[in-house]
Every structure is written in structure tokens, then in C-alpha cells.
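Open the model in a viewer and set it to show side chains as sticks. The stops below concern pairs of charged side chains.

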Amino acid sequence: MSKDLCLSSINSVFKKRKHICSSIAVEHKCDINDALVQLMNNEELSDIVFVVDGESVKAHRVILAVRSEYFRALLFGGLKESRQHEIYLKDIDKSTFKLLLKYIYTGTLDSDEVQMSIFDLIYFSDVYCLTKLHQSLIEYIKENLSEEFVLKAYEVAKYYNVKDLQSACFDYIQKFASEVIASECFYETPLNIIIEVLQNDSFFLPEGKIYKAFLRYLQFNKFSREDTKTLIRQVIRFPLLSLDQIVEYLHMDGLFNAEECRKIVEEKCDYYSNYRYVCQKDVNYVTNNENFTVLKGEPVSQIDIASAKILIQDNGFRKKRQASETVFEFSLGKRFLVNHIKTLAYIQPLKREVKKPNSSYEFRETKFSVKQMSLSSIERGHDFKYSYEIYVSPDDKRWTKVTKSLALSYLWQFIYFPPEIVKFLRIVVKDVEDSLVHAMFHLLHLQCFYSTQKFEFDKQMNLIPYFNIAAAPKIPTFYPGVLAEEYYCVASSRTSKEFYTLYSSHKLFEEEEDQETSHNYFLFVLCQDCLIDTIVITLYDKDIREYDFKVECGLHENELQVVDERLNQRSKQVICFQPMVVRFIKIQGTNIHKVDSNEFAILNLEVFKKL
């Protein structure tokens, strides 16, 4: 048997075998790493020389180009450097450049090497498009921030204009403000950085404490008395000082004379204070705040945050409610920056008119007989709707209305508004379904945030959401009403069969006996008026069915405009239209093809404005 034939027969055996183990048979990655290390600064094989601080550093064009888009453009992009054998680098020192080359060739840097030049590495890793290294270095600093280190990190991040590191450093400074101003690093930081930090509204400390720290800083750095007074006036917010502090700190320290202190007191009386506040992104200021208190609307059960009775008086023409019994007030304990509030409420009927609840948002003036209900009875067959207003205040004196619910609402309410400084919060229940005469309003959830979701407002203060404003939040299991899965959907027919859908389904054609209680459409109501241009509908597509349907939108339930009609569709439907202000979205199935079914089903809904 020849040698070639023998090898052929052996190979055929291996091809026919089923491989039980899928692991790699040969792995010599370390040899490749060792070879790349040997290539670094190799004079014999190199084809490009960088001159840094007068020293020649040899490298290889193809390796640099593969690892960095910057070097790919520099060495192979048709620039004059692509035709040069030597390239002079003036903005970087040789030790930092060699560390960057080491990372390019090996993908590693030692901790000691990183600490030696970390800020230069952060800047030049961004310049040279070494994205993974840049992010790793930023994460390294974030994980190792301390009060002795953070101001220096912030200074360098500003100098190199590294935005994400600036943000991380300032978040740390806000969180540990007392420790930062007590550190030795505080007195060694440049004046412009200190002023920027202390002037920021979110640097939240008592103004007297900020004054003392800044005065010590100025004295430590030997500023003249006049310069000290000028800088104190520039940074310190005198209206936030008490009268005793103005006398003790400003006058008794000898910095300001009696006449100057008198003028400061007059300014304090006439000037609306520019408050400082806490800003923690996407953190619930209610549950993460031991100082949160209920000022009005004491809870009557363990699941309540607050509760109050709603008593409806009928004067023959329209119903009036006692405002004192439908107002909730809360204190957050200190001032926070807020742009997003979430609430979840349930209305427990105590006395109501005997009639079937109507989903319409029009107030009706009909009269019915009433029946009395006990305080403990809770109807689980219907979620009663209500309208409300939310007010916020930094000081319990000046109140700002951040939202007004013109439509009756229920379940979760997600409200967005321009950022406000908030210490006090007021919720006013304005109206409820007209079947109710006497009820108990239970506020089950209250959350206050500074949200980082992307949104803005038009001139009429309509919300412009660049995210899904119809995202369905979870209803807690202790919720005493209907555990509705359709969330913002206020008119749809739920059937026991439709367990697979998020928003359930509706029948295309109602049976005669069901016409009074069902709707042959979906009606979604958003929590506030939104300027949108895109609706994404996911249709049930677990079989071969196809749908005909139409979508209507508008600000009022009885004034909806058709934005799209589609035939023979399935799966995800992206509906785009000219931007319009929307509160109501009506989706109506008109026909179903290929299956014998009378039910139009939706799996998901997304509503937003494209960027």
C-alpha cells in the first residue's frame, strides 16, 4: 500500500466520525501574542517610524490600521503621512504613546501603567479611536473615585472634554458633597473648578456650610480681602442664609460691615431664592427617601400611600366636590429635581347610582336611584375613572401646575414635564365617573423621578416622546380592582380565550345580547397630550390569519382622525403620519381573512415621535 493511499484512508475515517467533543484541538494564542510583542519597536520588520519627544518609535502600518480607524485613515487614507516614512507627533509624550502602542499590539495594560498616565490615556485613546480602551479607562476611574481624587478627575475630564467622565465625576461630587469640601484635594483645586462646582444648583448642601468651606478655600490660597468679598458674592446665595447666619458669618467674621449686611437682608426679603436641589437620575425620590411624609390624606389601609373621601354634591345642574376632601399633599423632606411622576390609584365606591359604567369620557347629567355600600366593600368588576391635577412647589409658597388631566383616567398615570425643583407635592382629584355619589380615593403608588428618557415639549407644552409613551407597566398583585392587562386600553372586549394577548381582543361583529357591554374597537388613552408621528401595532400572528383594520387618532374622543387603513396585514405594522397632538388612539378591526374567526387581537402597541 502506498503512503498516499494510507493517508487517504485515514482521512476518510476521520471525516466519517461524529465528533463527540467540540473543543478546539489546537490552540496557540499565546504564541501569537508573543510574536506581536516581539514586533514592537522591531527595527528589521517595521515600516513606519513615529518621532515623539525626539525619540524614534518603530511600528507596523498594517497592525496599526487594523486596530485603529485613526491610523487606518492616517496611513492608508491618501493623506501626506501615508507617503512618509517618519511621522512627527507633537501633542503626546513618549511614555503615553508607548503605552498606547503596547495596548494596540497586545490588548493589555498593567494597573501600574494605567495609574501612571491614566488621564493622558483617556484623552489619546479617544483621539486614536481606541474605543474599548477609552471606555475601560473611564470605568476604571468611575470604580475608583474618592473624595481625594474626584476633583482632579473632574478637572482633567473638563480639560480633555471627556463628557461621560465629567458626568460621572459630578454625580459623585453631588452624592458626597460634604466629604469633597472637607478633603485636602478641595484646597488644591483650581478656582474655576471650585466656582463651577459650588455654583451648580445640584450641589446640595446648607448654604452656611458652603460659605464656610469656600471662605476657608480662599483664605488657604491667600486671596485678598476684596477679592474674597467679590468671590463670596459671586458664589454664595445669600437669600438661603438665615438672618442669624448673615450676622454671625458675614458680619462677625469681619468680612462685611453692618451696612452691607443690612442690604443683604433686604435682598433676602425681596428676592425669590434660587434653591439648590438633589438630582439623582432615574431614582425614585419617594421610596429611597426616609424623609418622605404625607401631609394631607392619611392612609386607611396598609396598601395605601394616602387616601381621602370624595363626596359629590348635586345642585341640580352639575356636580360639585369638596376640594378639602380630594386634595393630597406630600413632603419629600428636601428639594429634588423632578421631571417625571408616576401614580397608581383606585376608587372604592361607597355610594353610587345604579347603572352600568360607561366608557365614554363625556360627563352626563342623568339621575338614577342610588344604593349604599359599606366602607369595606370593593367592586372588582370595574375600575372607576377620575380626572386630576398635580402641583409641585420648592417651598410650599409658590405652586406650579405640571399636569391637568382633562380626560378621565385610571390605573397607572405616567406624567412628564419640564424639570422643576420639588419639595412639596399636591394631587387634586377633580372629578370621577358620574355614576359615583360617594367614594374613597386610594393612592396606592407615588413615584417621583428625574428621568433620563428622551423627551421635550412644543410651544403649547404638549409632550414630544422619543420613546414608547404607551409602554405598559405592571399592575401590582395587591391592586384591588380589575388586574387589567390592557393598561391604557379603556374600551375592549376581554374573552376567556384570549389569554395570549397583551391588550386582549375585540369582536368584529357583536352578538345582539353583547352590544350594550362590548365595543368592536380598541380605545387607548395616553396619560397626557403627546405630539407623535409613529404608531407600531403588533398583530396576533400565531396562525395564518390576516387582518383589515383602521387607526384613528385625536385629542378628543369624539373628534378622531383616520391616520391609516390597511388590508390583509399581519405581524408588526409601522404606521407613520404627519406629527399631530394625540390623547386618544382608536384601533378597529374590520375584517379577518383565511381563518374562521370573529376576534381582532393585538399583542403590543408602541407610540412615539421619531428623532
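This tour of a predicted model visits some of its salt bridges.

Before selecting anything, keep the total in mind: the model holds 20 salt bridges. Side chains of opposite charge can pair when their charged atoms come close.

**Stop 1: Glu-55 and Lys-94.** Select both residues and display the distance between their charged groups. The closest N and O atoms of Lys-94 and Glu-55 are 3.3 Å apart, and the two form a salt bridge. This pair links distant parts of the chain, with Glu-55 in strand E2 (residues 55–59) and Lys-94 in helix H5 (residues 94–106), 39 residues apart. Lys-94 is partly exposed at 36% relative accessibility, and Glu-55 is partly exposed at 26%. Now add Lys-98 to the selection: a network of salt bridges links Lys-98 with Glu-55 and Lys-94.

**Stop 2: Arg-225 and Glu-226.** Select these two residues next. They form a salt bridge whose closest N and O atoms lie 3.9 Å apart. Arg-225 has 45% relative accessibility and counts as partly exposed.

**Stop 3: Glu-329 and Arg-426.** Move on to this pair, where the side chains meet in a salt bridge at 2.8 Å, N to O. Colour strand E7 (residues 327–353), which contains Glu-329, and strand E11 (residues 411–432), which contains Arg-426; the pair therefore ties together parts 97 residues apart in sequence. Is Glu-329 buried or exposed? With a relative accessible area of 13%, Glu-329 is buried. Its partner Arg-426 has a relative accessible area of 21% and is partly exposed, because buried requires under 20%.

Note on methods:
Residues numbered from 1 in each chain as written. Predicted model: local features only at pLDDT ≥ 70, side-chain atom pairs only at ≥ 80, totals over all residues. Heavy atoms only, no water. Salt bridge = Lys/Arg side-chain N within 4 Å of Asp/Glu carboxyl O. Helix = DSSP H or I, 4+ residues; strand = E, 2+ residues; numbered from the N terminus. Buried < 20%, exposed > 50% of the residue type's maximum accessible area, 1.4 Å probe, protein only.
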